[in-house]
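Student: Got a minute? I'd like to go through this one with you. Let me pull it up.

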Amino acid sequence: MNIPTNVFWEIMLVLGGFVFGTLLGHHAQIGKRVTYDECSKKRDKCPCIKDIEEIKHSMERER
């Protein structure tokens, strides 16, 4: 089974592009993650704290 040289290089180019694109996508997602330091700084000012407390109180009332 002989694969022409130009087909081989096209396949390699597609595979390389897929791998590079996947790694670049993962790198972008890692850059957007929230770190522990950011979370601990914003914890007291988080607007959803009241909502979470209300949910906890409503769950305790149902018990």
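Student: Is Ile-11 buried or exposed?

Tutor: In this predicted model, Ile-11 is partly exposed. Its relative accessible area is 44%. That falls between the cut-offs of 20% for buried and 50% for exposed.

Student: Where does Ile-11 sit in the fold?

Tutor: Ile-11 belongs to helix H1, which covers residues 5-31.

Student: Which nonpolar patch on the surface does Ile-11 join?

Tutor: The one formed with Met-1, Ile-3, Val-7, Phe-8, Trp-9, Met-12 and Leu-15. Together with Ile-11, these residues have about 880 Å² of accessible area.

Student: Zooming out. How many helices and strands in the protein chain?

Tutor: The count is 3 helices and 0 strands. Along the sequence that reads α-α-α.

Student: And how spread out is the chain?

Tutor: More spread out than a compact globule, because the radius of gyration is 25 Å and the globule rule gives 11 Å for 63 residues.

Student: What box do the C-alpha atoms fill?

Tutor: Roughly 75 × 30 × 15 Å, along the principal axes.

Student: What share of the residues is buried?

Tutor: Buried residues account for 0% of the 63 in the protein chain.

Student: What about exposed area for the chain?

Tutor: The protein chain exposes about 6500 Å². Carbon and sulfur atoms supply 63% of that area.

Student: Switching to charges. How many positive and negative, and how far apart are their mean positions?

Tutor: There are 10 positive and 9 negative charges. Their mean positions lie 4 Å apart.

Methods:
Residues are numbered from 1 along each chain as its sequence is written. This is a predicted model: local features need pLDDT of at least 70, side-chain atom pairs count only at pLDDT 80 or more; totals for chains, interfaces and linings use all residues. Side-chain values use heavy atoms; hydrogens and water are left out. Patches are made of residues with over 30% relative accessible area and no salt bridge: like charges are joined within 9 Å, nonpolar side chains (Val, Leu, Ile, Met, Phe, Trp, Tyr) within 5 Å. Accessible areas come from the Shrake-Rupley method with a 1.4 Å probe; for residues, only the protein chains shown count as cover. A salt bridge is a side-chain nitrogen of Lys or Arg within 4 Å of a carboxyl oxygen of Asp or Glu. Helices (H or I, at least four residues) and strands (E, at least two) are DSSP runs, numbered from the N terminus. Buried means under 20% relative accessible area, exposed over 50%, partly exposed in between (1.4 Å probe, protein chains only). The radius of gyration is taken over C-alpha atoms; the globule rule is 2.2 Å times the number of residues to the power 0.38. Lys and Arg count as positive and Asp and Glu as negative; His and the chain ends are not counted. The place of a charge is taken as NZ of Lys, CZ of Arg, CG of Asp or CD of Glu.
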